[in-house]
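Welcome! Here are some short exercises to work through with the model open beside you. Try each task before reading its solution.

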Amino acid sequence: MSGRIVFVNEFTNGILDPKASMLGPLQNGGYIIANTAPGCWGPMITPAIRGGHEVTKPVFIEGAKVGDSVAIKIHSIKVTSIVTSSGNEKAIEGRFIGDPFVAAKCPKCNTLYPETYIDGIGKDAIKCKVCGESIAPFEFTNGYTIAFDENYKIGITLNKNAAEIAAKDAKNYMQIPDNSIQNPIVVFAQSDITGLTARLRPFMGQLGTLPAIAMPDSHNAGDFGQFLIGAPHEYAIEKEQLSLRTDGHMDINKVRQGAIVIAPVKVDGAGVYFGDMHAMQGDGEIAGHTTDVSGIIVTQVEILKNVELEGPIILPNIEDLPYLAKPFSCQEKDIAKKLASIWGMVELEESLPISFVGSGANINEATDNALQRASKVLGISIPEVKNRATITGAIEIGRLPGTVSATFLAPISLLKNAGLYDIVSKKYES
């Protein structure tokens with residue numbers, strides 16, 4: 001029997017598998033409340049997690065069919081970690097097969113995906129349960145430990161002594177969820193940058209729906225997914241299969257409280273999942289990683305019947321829209337009407353903002369992907385999309401090497417034809 005609310009505190013082993021059981025079912029219009037685990041660094045030093053992240057177990061949405069979409073409305077995002085750690089990474093040769101995010105192994109006993117235990121602090125503290133060898137597949141090239149104030153407004157990076165204090169009680173300081181199996185990265189006690197102050201602006205790096213094939217979670221995108229093509233491990237795919245992704249791993253900082261993500265349904269039930277909450281991140285995530293934290297997210301899910309998408313659409317908060325893509329004020333509309341009358345024009349196009357996510361091997365491919373998706377959904381040519389994005393929006397980098405958002409003002413008539421007008425108008429006209 002389906003319910004109006006599903007509480008989630010279970011996690012995958014890093015693999016998004018459409019054949020695995022889901023939580024729920026959840027009624028259309030119902031709520032998902034999830035306690036999410038940190039992404040990236042914790043799973044990256046936990047070889048038993050096979051995807052580079054540790055996302056929530058997907059939720060089955062009653063009535064969601066392949067060819068539909070689901071609108072995921074983010075009601076709230078709350079960081080619960082007190083301290084976290086992050087930085088640039090370097091893979092350690094001999095500790096993985098092909099891809100250190102997916103297929104970690106012990107360099108001594110060669111056990112694949114071995115369970116681990118923590119022995120002390122520092123980069124050698126993660127040990128293989130089989131033979132006791134230090135086993136973390138990654139180390140920092142430059143990293144930091146950062147603590148947050150009690151109101152989660154500001155973070156400061158800790159010095160060596162403070163980082164070591166946090167490292168000795170890392171799971172508590174990171175507030176790792178009860179059912180998470182990741183090793184807390186704060187154990188490394190990294191302190192290359194100290195005394196830095198940063199503002200918090202939390203968002204979800206992973207938020208979306210199941211791909212149509214089993215896929216490591218951090219690779220459910222067109223950039224990291226490239227590493228699966230012809231890979232030497234069991235999760236290898238063919239190039240053509242990359243189209244079965246859903247780009248749930250966006251790392252786009254507009255996916256925060258108040259925003260709406262419209263995600264494609266490529267498996268019956270959709271399989272809505274979350275993870276990789278970030279405390280803050282600038283466009284591009286240029287370091288490769290940011291401040292991964294534990295947290296609590298509250299969302300509401302609505303099915304959009306027969307709205308078929310290849311990848312996500314974001315409806316950002318107005319303050320997160322590019323200047324040129326913000327809805328026009330009454331004063332601006334009046335100016336436009338007067339200008340039109342001078343030129344003998346009667347009708348002006350009415351429009352609203354929309355943001356198409358694209359991903360690819362690099363930024364150029366990701367941009368092409370976003371433009372193609374916008375063209376297909378709205379039923380206009382790619383050159384027209386380019387023009388609209390140039391003078392009423394922007395192409396913004398979500399993550400290097402290859403996720404972007406193409407945001408622009410789209411004609412209301414085209415939004416109606418695409419089945420998107422109701423949800424877009426409620427977001428921006430209320």
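Helices and strands here are DSSP runs, numbered from the N terminus, with at least four residues for a helix and at least two for a strand. Keep in mind that this is a predicted model.

**Exercise 1. Find where Asp 251 sits, and decide whether it is buried or exposed.**

Step 1: Look between strand 13 (215-216) and strand 14 (260-264); Asp 251 is in the loop that joins them.
Step 2: Check the backbone. Asp 251 is not a glycine, yet its phi is positive, near 55°.
Step 3: Buried means under 20% relative accessible area. Asp 251 has 1%, so it is buried.

**Exercise 2. Do the same for Tyr 152: is it buried or exposed?**

Step 1: Go to the loop between strand 9 (138-148) and strand 10 (154-157), where Tyr 152 is found.
Step 2: Tyr 152, though not a glycine, has a positive phi of about 55°.
Step 3: With a relative accessible area of 18%, Tyr 152 is buried, because the cut-off is under 20%.

**Exercise 3. Locate the cis peptide bonds before Pro 25 and Pro 401.**

Step 1: Start at Gly 24. The bond joining Gly 24 to Pro 25 is cis, with omega about 5°.
Step 2: Place Pro 25 in its element: strand 3, residues 23-36.
Step 3: Move on to Leu 400, whose peptide bond to Pro 401 is cis with omega near 15°.
Step 4: Pro 401 belongs to the loop between strand 19 (394-399) and strand 20 (403-411).

**Exercise 4. Compare the span of helix 4 with the expected value.**

Step 1: Count the residues: helix 4 runs over 330-342 and has 13.
Step 2: At 1.5 Å a residue, 18 Å is expected.
Step 3: From first C-alpha to last, the helix reaches 19 Å, close to that expectation.
Step 4: Look just past the end of helix 4, where Gly 344 has a positive phi of about 75°.

**Exercise 5. Explore the largest nonpolar core: which residues touch the most other members?**

Step 1: The core has 40 residues, and Ile 32, Ile 61, Val 70, Leu 207, Val 255 and Phe 274 touch the most other members.
Step 2: Strand 5 (residues 69-79) contributes the most to this core, giving five residues.
Step 3: Zoom in on Leu 207. Leaving out residues up to four places away in sequence, its contacts include Ile 72, Met 250, Val 255 and Phe 274.
Step 4: Apart from this core lies another, of 29 residues, including Ile 260 and Ile 423.

How values were computed
Residues numbered from 1 in each chain as written. Predicted model: local features only at pLDDT ≥ 70, side-chain atom pairs only at ≥ 80, totals over all residues. Heavy atoms only, no water. Buried < 20%, exposed > 50% of the residue type's maximum accessible area, 1.4 Å probe, protein only. Expected span 1.5 Å × (residues − 1). Core = buried A, V, L, I, M, F, W, Y, C linked by side-chain atoms within 4.5 Å. Contact = heavy atoms within 4.5 Å.
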